[in-house]
Amino acid sequence: MLALKSVRADYTTFQALFDVSLEVRQGEAVGVIGPNGAGKTTLMRVVSGLLRPTGGSIVMEGVDLVKTPPHRIVELGIAHVPESRRLFPRMSVEDNLKMGSFMRAARPKFRRRLDVVYELFPRLRERRAQLAGSMSGGEQQMCAIGRALMSEPKLLLLDEPSAGLAPVVVEQVFDLVTRLRAAGLTVLIVEQNVQQVLRVVDRAYVLKAGRIRAAGAAAELLASDTIREAYLGI
Ligand SMILES: Nc1ncnc2c1ncn2[C@@H]1O[C@H](COP(=O)(O)OP(=O)(O)O)[C@@H](O)[C@H]1O
Ligand SMILES: [Mg+2]
């Protein structure tokens, strides 16, 4: 579904990604794990078109994303839940969800999509008139994910969805990955929360200092002493 080949990314004088190749197949949940500063957010941004790679190729179902503007990338079925959620705190939950939809709010399809999101997150329906900024961290993460789902994506990019959440809420966020897959979505998730993310993804890549250092089935990565000691810190 998505393939990155030898992707390079730079910020003015700093190279953030070196020769990154990875693949996500339809229906999979794939993790990218790595410490702070590894380049995880940069990787998400090059896929969603917010940052242009300086080398390599990114192809989604045969379409070259490197030449595609971000709004077209959304239309191709990729939705990005950014790091630290970036909700509009002074807008209601429902208005935040509307921002995730490029369908006009008057269209029947928009109502249907809203219903799908509210089915998945009954809590958001209850809170639909509440200001997003006044909700708990976990509820705000649900709202951010709900907003991404409004565009009816095939591939969901999740950038550290567990960051800053209480342990019990972190578990709910990871359970959600399983539910989203059951609903037919393909998921690419970047996380520092290594042990928990490896329990919900099929495969993972280890990113460190802008390079992929290891890759494999989630269970293999968890079981490998070498990888645990060298890269995962667990
Ligand atoms: N806008 C920027 N300008 C310069 N350097 C940046 C910028 N954004 C990120 N970086 C650097 O790129 C590297 C990777 O950052 P990032 O992708 O945010 O890592 P991660 O999400 O894994 O913590 C870091 O060293 C970071 O300091
Ligand atoms: Mg990051």
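Why does Y118 count as partly exposed? Select Y118 and look around it. Y118 counts as partly exposed because 18 C-beta neighbours lie inside 10 Å. The cut-offs run as follows: buried means 20 or more other C-beta atoms within 10 Å of a residue's own, exposed means 12 or fewer, and partly exposed is in between, with C-beta atoms placed from the backbone.

**Before you go on.** This is a predicted model, in which local features need pLDDT of at least 70, side-chain atom pairs count only at pLDDT 80 or more, and totals for chains, interfaces and linings use all residues. Residues are numbered from 1 along each chain as its sequence is written, while chains are lettered from A and ligands numbered from 1 in the order in which they are written.

**Stop one: around Y118.** Colour residues 108–120. This is helix α4, and Y118 sits in it. Helices (H or I, at least four residues) and strands (E, at least two) are DSSP runs, numbered from the N terminus. Now add L124 and R125. Y118 is in contact with both, leaving aside its neighbours within four places in sequence. Contact means that the C-beta atoms of two residues, placed from the backbone, lie within 7 Å. Next, pick R128. Its C-alpha is 9.2 Å from that of Y118, and the two are ten residues apart in sequence.

**Stop two: the two domains.** Select 2–77 + 153–232 for domain 1, then 89–150 for domain 2. These bounds come from an automatic or database domain assignment. The C-alpha centres of the two domains lie 24 Å apart. Where they touch, ten residues of domain 1 are in contact with seven residues of domain 2. Highlight helix α7, residues 167–182: it gives the most to domain 1's side, with four residues. That side has eight nonpolar, two polar and no charged residues. Here Ala, Val, Leu, Ile, Met, Phe, Trp, Tyr, Cys and Pro count as nonpolar, Asp, Glu, Lys and Arg as charged, and the others, Gly among them, as polar.

**Stop three: ligand 1.** Show Y11, F14, A16, G34, N36, G37, A38, G39, K40, T41 and T42. These are the residues around ligand 1, each with its C-beta atom, placed from the backbone, within 6 Å of the ligand. The shell has four nonpolar, six polar and one charged residues. β2 (14–24) and α1 (40–48) each supply at least two of them. α1 gives the most, with three.

**Stop four: along α1.** Stay on this helix. Seven of its nine residues are buried. They are K40, T42, L43, M44, R45, V46 and V47. Finish at G49, just after α1, where phi is positive, about 85 degrees.
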